[in-house]
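Okay, thanks everyone for coming. Let me put the model on the screen, and then I'll walk you through a few spots.

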Amino acid sequence: MTNAHSRETISKRTLDHLEWGRLESAVLLRCRGASARRQGLCFAADEDTTRALLTQTAELVALHAAGEALPLDDLRDVHDQLERVERGGVLDAPGLAELRVTLRNASALRRFLGARRGNLPALVAAAELDPSLDELQTQLAAAVGDDGTLRDEASDELRRVRVEIAALRERIAGRLQDVIDKHAELLSDRYFTLRDGRYVLPVRSDAHDRLPGIVHGASTSGASVFVEPHGIVAHGNRLKMAEAEREREEARILVGLCALVMERVPELRAATATIDHLDLRNAAAVFGRDIRGCVPALASGPRIQLRAARHPLLALAGVDVIENDVGLETGHGLVISGPNAGGKTVVLKTLGLCALMLRCGLPLPVGDDSSVGYFDAVYTELGDEQSTANNLSTFSAHVRNLAAILRDADARSLVLLDEVATGTDPVEGAALACAVVDALCTRGAALAVTTHYEALKAFALRDARLRSACVGLDAERMEPTFQLLLDVPGASSALLVARRFGLPESVVAKARELVPQQTHDFEQLVTELTHDASELRRERALLAQERAALATDRADYEARFAQLREQSKHRLSKEAEKLMGELRQARDELERARKGLRQPERTPAELQATQKQLTEIATQVAAGSELANALASEPVAAAAAPLAEVTVGARVYVPRLRSEAVVVEPEQKGKVLVAVGAMKLWVDARELRAAAKAAEAVPLQRSPATLAAPEGRMSDNTLDVRGLRADDALSMLGSFVDRLYATTARVGYVLHGHGTGALRNVVREHLKAAAPYVHDSRAATADEGGDAVTVFYLT
């Protein structure tokens, strides 16, 4: 865990100016333990420590967003206990119980972080929680109870003496009850009590000599005396001795336990420091949630770029704060002008608080795209300071403070000046203000200054290191808008403000007459610029809203389009299932027709009709058909120009089919035969376009995704043409190859028989020379049917 923290780098004066105490109290109020609240917020002493704190806070913000939280219940402040043990003192049982709870908390945190090491690496790295402290916790738990007393199990001797004490008290109580029952008439009341550790009875003062025993005092009224009966004196003596033995044993046990604690004080201090640190980080995350803030990016170098920034204390109070964009960098300044009570000082305090909050690892009330760098020091000159003790006027005190800032500020400093160089002659004050601003920029400081001086406003317009800004004024309502407008100087509008706050109209009118025309013209020009800038900002906001609305409409349109497309695909899928059913039915009918070809009632004409029906149905579902293309996710891109030349084997694009195809036969009378999947058809040559990725001729191939491993002869991959004429056999073979190609089969078999060998030769020559999609064929082996069967392989 990092200890590079300090409060001394920021002066108390700066903290008071920025009301840091209010913000710190708000954060500490969200701590779970008193120790962390006592420690308070400290400023990181370097950029690396700042980055570590911001990362830890961001991890806790994400943890809370996920619905989880650090186990920080029942935190105890054991600072005094550890101090006493270090000085050699002995803790009582309640003090050890506090340490035991702290050890239990440390163990719970270690296990929690260990289980989330991947999500909380920065917090895990910062946690110094020694696992060996669990042994000390176990030892303390065995001896000290949750109620802050020593357990009977702390030692055998303690258990024995406590048992004896309990038995003695029970015996004494029994004896006293016997005395009460026997001598009730001598007693003031029927009870027994303790006086100086001895058991006594309240005896009437006029009857004490009738009850033998030892008198241990009298009541305030004197009506009763407290007598220890002789019969229990011996038991009382033994009880006192047993109680002394118990006290000695308890003291011995406490000394031993404190010796164990003494050995682990360094680890205990590291554990308590870790618990306090995690408590503060957790409070920072809760604070960020309450102000609707975010953990900003740590900028490289001392600079600030705030988007949609709000004053932290106003955001914490739940005030509806106007968000502003503002930025600063070293060697440059921001000159803010505008009417009184318009929010100029609020902007300065927002900048200063954000710079300090960053060094404490706190979330900022800004937009996600904000970034803040590390500043070594923050100097402020805000408000009116008059010192009667040092015989200093307001202006003198102001100049003294400016001198100190000019002496100390450098390129890693943030300087915030409110109404610089006021309280003296306006002309000289304006000149002094310009000189101070120039000097601070020259020294490299990041500077923000408010002013009503026209000379300083004009100086900001001429100097490239300076940027003008103003707080807006609603001219119609005569009220400030609290909106910071960049690159525009603001009119002070003193007369408008005076009238708004009740100055008589006659006085305001007289003042207007006395204002020099040049000043009046300047104020008028600045007012118009401010108004134009406000209008431009409103128009930009409206445009941003319109763009957001258009983006929403587009998203809705795309979602609706996707929905309609899915609905269309679903509908077409049902149609495809229907057509595929018809295709299977036609295939079965064809198979039955082939088997019944030799029967008198089946003619070749009927067989041809069945083949035609199969081809028509296959065309409807083949790749490139209207149905297949409708089911495709995207159409295939192709060149727009017609092909200059069509060659057999070339891959082309057919717009009408919205699919690629392969040229099977050359052009004849303006038509070209192409193959699309299992379908072959003639298309107009003028329709053909070059395919997107392959304009050159390519061999006919099947998609690798459709190839299956070779399989044996089955009815589905075997065509029986025995007894058919050659023309009929080849016709059936063509349809069989087309049908087989549309499946995942890779091997086909043709059963032609032996016979004279004529049908066999025709089949094999056709497969080797003319059959599309067939890249090889051979005679079957003996196991496959011998020379009566021809085997062919699809591409």
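So, is the crossing of α15 and α16 left-handed or right-handed? It's right-handed. Keep in mind that we're looking at a predicted model.

Let's stay with that pair for a moment. You usually describe two packed helices by the angle between their axes and the distance between those axes. Here, helix α15, residues 426-442, and helix α16, residues 454-462, have axes that come within 8 Å and cross at roughly 35°. On the α15 side, the contact is made by Ala430, Ala433, Cys434, Val437 and Asp438, and α16 brings Ala455, Leu456 and Phe459. Sorted by class, that contact has seven nonpolar residues, one charged and no polar ones.

Okay, over to the strands. Strand β8, residues 303-309, pairs with β9 in the antiparallel sense, over five bridges. If you want a register mark, alanine 309 stands opposite asparagine 324 in β9. In a regular strand, side chains alternate between the two faces of the sheet. And β9, residues 324-329, has a covered face with Asn324, Val326 and Leu328, while Asp325, Gly327 and Glu329 make up the uncovered one.

Last stop, the cores. The largest nonpolar core has 60 residues, and Leu70, Leu96 and Leu113 have the most contacts inside it. Helix α6, residues 93-115, gives the largest share of this core, nine residues. Apart from that core lies another one, of 53 residues, including Ala36, Phe287, Ile336 and Leu356.

And what does leucine 113 contact, leaving aside its neighbours within four places in sequence? That would be Leu70, Leu120, Leu123, Val124, Ala127 and Leu278.

Notes: Residues are numbered from 1 along each chain as its sequence is written. This is a predicted model: local features need pLDDT of at least 70, side-chain atom pairs count only at pLDDT 80 or more; totals for chains, interfaces and linings use all residues. Side-chain values use heavy atoms; hydrogens and water are left out. Axes are lines fitted to C-alpha atoms, for helices over the stretch in contact, and angles run from 0 to 180 degrees between N-to-C directions. Helices (H or I, at least four residues) and strands (E, at least two) are DSSP runs, numbered from the N terminus. A crossing is left-handed if the near helix is turned anticlockwise from the far one by less than a right angle, and right-handed if clockwise. Contact means heavy atoms within 4.5 Å. Ala, Val, Leu, Ile, Met, Phe, Trp, Tyr, Cys and Pro count as nonpolar, Asp, Glu, Lys and Arg as charged, and the others, Gly among them, as polar. Buried means under 20% relative accessible area, exposed over 50%, partly exposed in between (1.4 Å probe, protein chains only). Two strands pair if DSSP finds at least two bridges between them. A nonpolar core is a set of buried Ala, Val, Leu, Ile, Met, Phe, Trp, Tyr and Cys residues joined through side-chain atoms within 4.5 Å.
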